[in-house]
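Biologist: I'm new to this one and would like a close look at a single part: the surroundings of the ligand. Could you walk me through that, and then show me how the rest of the chain fits around the picture?

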Amino acid sequence: MCTLAFQGYGYSQGFVKNYRKIANKVINDPNTRIKVVGNLDGICSACPNQTEQGKCTKQAKVLELDRRHMKVLGIKIGEILTWNEVVKKIRKKMSLKKFDYACKGCDWKQCGICMNALLDCHFYLMH
Ligand code: SF4
Ligand code: SF4
């Protein structure tokens, strides 16, 4: 979901550079395989909010956000999906109401970028 909405904003230059690389990779090759993990991931690896213990400074909050996203999308930790499959699931399962539930509490939600990306994602399916 966050990658669908990624527009080059983030927590530091290093974070944005790493995230841009990951986002470009999955968008340019939609068959890229993505593993669902129950902890910090490749995006977190360059984030200044990652502690020396390998946790997020907002660990409980992000795990709860992840839990809600997994519930809505019907995916489990350990599962491997392609970017194509991920986008199909978002289109099929992530309504605006569910987006409100899944992303509730995320600091980025109020800026509206993610909601617009979700609307675009549904729009493209219809055309
Ligand atoms: S979960 Fe935490 S460490 Fe990972 S990208 Fe988000 S803020 Fe950074
Ligand atoms: S609101 Fe937050 S958790 Fe939801 S898609 Fe945007 S960045 Fe990700």
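Modeller: Let's start with some sorting rules: Ala, Val, Leu, Ile, Met, Phe, Trp, Tyr, Cys and Pro count as nonpolar, Asp, Glu, Lys and Arg as charged, and the others, Gly among them, as polar. Keep in mind, too, that this is a predicted model.

Now for the part you asked about. The residues around ligand 1 are Tyr11, Phe15, Cys44, Cys47, Asn49, Cys56 and Val62. Sort that shell by the rules and you get six nonpolar residues, one polar and no charged. Asn49 belongs to the shell, and by the rules Asn falls among the polar residues. Tyr, Phe, Cys and Val, on the other hand, count as nonpolar.

So much for the ligand; here is the chain that holds those residues. Its secondary structure comes to six helices and two strands, and from the N terminus on the order is α-α-β-α-β-α-α-α. The radius of gyration is 14 Å, close to the 14 Å that the globule rule gives for 127 residues, so the chain is as compact as a globular protein of that length. Along the principal axes, the C-alpha atoms fill a box of roughly 45 × 30 × 30 Å.

How do the pieces of the chain meet? Take the contacts between residues at least 6 apart in sequence: 64% of them join residues at least 24 apart. Buried residues make up 31% of the 127. As for the outside, the chain exposes about 8,400 Å², with carbon and sulfur atoms supplying 55% of that.

Two residues make handy examples. One is Cys121, which sits in helix H6, residues 113-126. Its relative accessible area is 5%, so Cys121 is buried, the cut-off being under 20%. Setting aside neighbours within four places in sequence, Cys121 is in contact with Leu4, Val87, Ile90 and Arg91. Pick out Ile90 from that list: Ile90 and Cys121 are 31 residues apart along the chain, and their C-alpha atoms are separated by 8.1 Å.

The other example is Thr82, found in strand S2, residues 80-82. Thr82 has 14% relative accessibility and therefore counts as buried too. If you skip residues up to four places away in sequence, what Thr82 touches is a run of neighbours: Pro30, Asn31, Thr32, Arg33 and Ile34.

How values were computed
Residues numbered from 1 in each chain as written. Chains lettered and ligands numbered in written order. Predicted model: local features only at pLDDT ≥ 70, side-chain atom pairs only at ≥ 80, totals over all residues. Heavy atoms only, no water. Near = heavy atom within 4 Å. Helix = DSSP H or I, 4+ residues; strand = E, 2+ residues; numbered from the N terminus. Buried < 20%, exposed > 50% of the residue type's maximum accessible area, 1.4 Å probe, protein only. Contact = heavy atoms within 4.5 Å. Rg over C-alpha atoms; globule rule 2.2 N^0.38 Å. Areas by Shrake-Rupley, 256 points an atom, 1.4 Å probe, with all protein chains shown as cover.
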